[in-house]
Amino acid sequence: MRPAATSDSAGDAIPARLIQDERRSEEWALVCRAREGDLAAFEALYRQHVRRVYALCLRLSGNSALAEDLTQEAFVRAWKKLAQFRGESAFSTWLHPLVVNVALTERRSRRTREAHTFLTDDVAAHERPAADADPEGRLDIERAVASLPAGARAVFVLHDVEGYRHDQIAGMTGVTVGTSKAQLHRARQLLKERLAP
Amino acid sequence: MTCEEALARLDDFVDGELGEAEFQDIELHLAACAACAEEAVELRALVERAGRLPRALAPERDLWPGIAEQIRVSQPAAARPMWPAWTWRALAAAAAIMLAVVWWRVDHRVPPSPSPDSAAQFASLEIDRDYDRAAAELLVAVNARRSRLTPEAQARVDESLRVIAQALSAIRSELAKDPGSPALNHLLISVHQRRIEVLRTLVGLTA
């Protein structure tokens, strides 16, 4: 006889969930070690996330040299704020808005310091593949996105490339949902014109 | 609906952010207006193209040395107690194994003892209560430190303790039918001991 209070699923379900959560657990273990000052653990987090962070910085800034600086600054800031990450979400969910904040703050401070013009070829030139290795015209759209006005570019990158909703973008960039929608409309219209054959 | 009205809503239409009625209004307009339909096709193509862009790009140089240098000259990250991922995994696995052992032993238990020893039954009940009291005290200490665990770890701890409680409940239920069974009494004590060990480990790790 099997006790009625128990079920077959109890023993099987736990290992299944463990496998599902394993990556998050490993990431959380790295975060905990980094919080205690373990730089090697933080480097492991950096290696896992740097490509996404750099891509975001590159598209938000439109400048590869600036994107490198922003990526470094974002990770240094993440290190300083690690205690605020409580593990309720994936590390990337916590990290990416921080990256956006770093990138947009830099943009605003630069705008006040100098009349800045972004080097709009940097994103497109990033990987420099041969023309026949880019059948979908990825470089064309990268170049066109990099040439957008900064506000429209930020909203386009966050909405259409990164997949954030307008309310999330509003929260990250400090604009209203209406402004976010207007900037997206402007970005799309400009891109359609610039990508037209 | 005019073309101007349709075009003003085209972004929301393509992004799926319109209500059902407005969505259908636009669809009706697009079915009747070739120019607006063409706009919609172009817009959708652009959005799909943007969505296919790689979301990860490698920087041309390793940026870590610069980050490590900046970190070294800055304040260390705030120290917080570590909760190794393996700990709750081991805890959950131990609880599952414990339950499996209980099932197996209860399934294969010996026939009821012919003459239960009332003194032994009384002693067994006392031990059961003592262990429960000790576990309750340790649980208070664990709960006081819950905030140091991730939500996932908290859920796993709760799940594991629930499984152990199920095991104890199953044994007690069987003991009610066969109070004199030495095997069941031994099993009850061993599960109690494991629960105390688990709780002591949790208290130590979250201290």
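What share of the contacts in chain A with a separation of 6 or more comes from residues 24 or more positions apart? In this predicted model, the figure is 61%. Chain A is built from nine helices and zero strands, so there is nothing but α along its sequence pattern, α-α-α-α-α-α-α-α-α. Of its 197 residues, 37% count as buried.

How far to trust the picture comes next. For the complex, the predictor reports an ipTM of 0.77 and a pTM of 0.60. Chain B has an average pLDDT of 78, with 72% of the residues scoring at least 70. That average hides a spread within chain B: helix α2 (residues 10-14) of chain B has the highest confidence, at 94, while helix α6 (residues 85-107) of chain B has the lowest, at a mean of 62. Over residues 76-83 of chain B, pLDDT stays under 50, although the model still has 27 contacts beyond four places in sequence for this stretch. Where pLDDT is low, the predicted coordinates are not to be read in detail.

Helix α4 of chain B, residues 34-51, can be looked at piece by piece. Its 18 residues should span 26 Å at 1.5 Å a residue, and the end C-alpha atoms do sit 26 Å apart, so expectation and model agree. The buried residues of α4(B) are Cys36(B), Leu43(B) and Leu46(B). These three cover an arc of only 85 degrees around the axis, and therefore lie on the same side of α4(B). The other side of α4(B) carries the exposed residues Ala34(B), Glu38(B), Val41(B) and Glu48(B).

What, then, covers the buried residues of α4(B)? The cover draws on both chains: it includes α9 (177-195) of chain A, along with α1 (3-8), α2 and α3 (20-32) of chain B. Among these, α2 of chain B is also the helix with the highest confidence in that chain.

Ala50(B), which belongs to the same helix α4 of chain B, gives another link to chain A. Leaving aside residues up to four places away in sequence, Ala50(B) touches Ile141(A), Asp160(A) and Val161(A). Is Ala50(B) itself buried or partly exposed? With 19 other C-beta atoms within 10 Å, Ala50(B) is partly exposed, because a residue needs 20 or more to count as buried.

Technical notes:
Residues are numbered from 1 along each chain as its sequence is written. Chains are lettered from A and ligands numbered from 1 in the order in which they are written. This is a predicted model: local features need pLDDT of at least 70, side-chain atom pairs count only at pLDDT 80 or more; totals for chains, interfaces and linings use all residues. Helices (H or I, at least four residues) and strands (E, at least two) are DSSP runs, numbered from the N terminus. A residue is buried if 20 or more other C-beta atoms lie within 10 Å of its own, exposed if 12 or fewer, and partly exposed in between; C-beta atoms are placed from the backbone. Two residues are in contact if their C-beta atoms, placed from the backbone, lie within 7 Å. pLDDT is the predictor's confidence in each residue, from 0 to 100. The expected span of a helix is 1.5 Å times one less than its number of residues. The arc is that of the directions from the helix axis to the C-beta atoms.
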